[in-house]
Amino acid sequence: MGYIQEARENHVKKKVEEALRSKMKQKALKQCEEYASKYAQCASGRTLSVVWQCRKQAKELNECLHQ
């Protein structure tokens with residue numbers, strides 16, 4: 001297999017992987033919309049304090065997204 005053909009195949013694989021990752025992200029965000037909304041409400045109007053003020057909501061969102 002030539003270098004050019006191998007590079008093309010790797011490019012196609014990367015495109016497929018990116019598309020799959022994008023679909024998975026959309027699905028996860030849709031399923032976790034409730035937790036994302038809670039986190040967004042908590043984070044609204046905050047800057048650095050988001051880290052400790054919204055820790056519970058961030059943890060719930062991350063747990064949902066990891067499922």
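Cys 54 is buried in this predicted model, because its relative accessible area of 1% falls under the 20% limit for that class. The sulfur of Cys 54 is joined to that of Cys 42 in a disulfide, with an S to S distance of 1.9 Å. Cys 42 is likewise assigned as buried, with a relative accessible area of 11%. The dihedral about this S-S bond is -95°, and the link of Cys 42 and Cys 54 is left-handed. Cys 42 belongs to helix 2, whereas Cys 54 sits in the loop between helix 3 and helix 4, so the disulfide ties together parts of the chain that are twelve residues apart in sequence.

The structure holds two disulfides. Besides the pair just described, Cys 32 is joined to Cys 64, with an S to S distance of 2.0 Å. This link connects distant parts of the chain, 32 residues apart: Cys 32 lies in the loop between helix 1 (3-31) and helix 2 (33-43), and Cys 64 lies in helix 4 (residues 55-66). The link of Cys 32 and Cys 64 is left-handed, with -95° about the S-S bond. Both Cys 32 and Cys 64 are buried. When the bonded cysteines of the protein chain are numbered in sequence order, the pairing reads 1-4, 2-3.

The surface offers a further feature. Trp 52, in helix 3 (residues 50-53), is exposed because its relative accessible area of 51% is over the 50% limit. Together with Leu 48 and Val 51, Trp 52 forms a nonpolar patch on the surface, and the three residues have about 370 Å² of accessible area together.

Definitions and conventions
Residues are numbered from 1 along each chain as its sequence is written. This is a predicted model: local features need pLDDT of at least 70, side-chain atom pairs count only at pLDDT 80 or more; totals for chains, interfaces and linings use all residues. Side-chain values use heavy atoms; hydrogens and water are left out. Patches are made of residues with over 30% relative accessible area and no salt bridge: like charges are joined within 9 Å, nonpolar side chains (Val, Leu, Ile, Met, Phe, Trp, Tyr) within 5 Å. Accessible areas come from the Shrake-Rupley method with a 1.4 Å probe; for residues, only the protein chains shown count as cover. A salt bridge is a side-chain nitrogen of Lys or Arg within 4 Å of a carboxyl oxygen of Asp or Glu. Helices (H or I, at least four residues) and strands (E, at least two) are DSSP runs, numbered from the N terminus. Buried means under 20% relative accessible area, exposed over 50%, partly exposed in between (1.4 Å probe, protein chains only). A disulfide is a pair of cysteine sulfur atoms within 2.5 Å.
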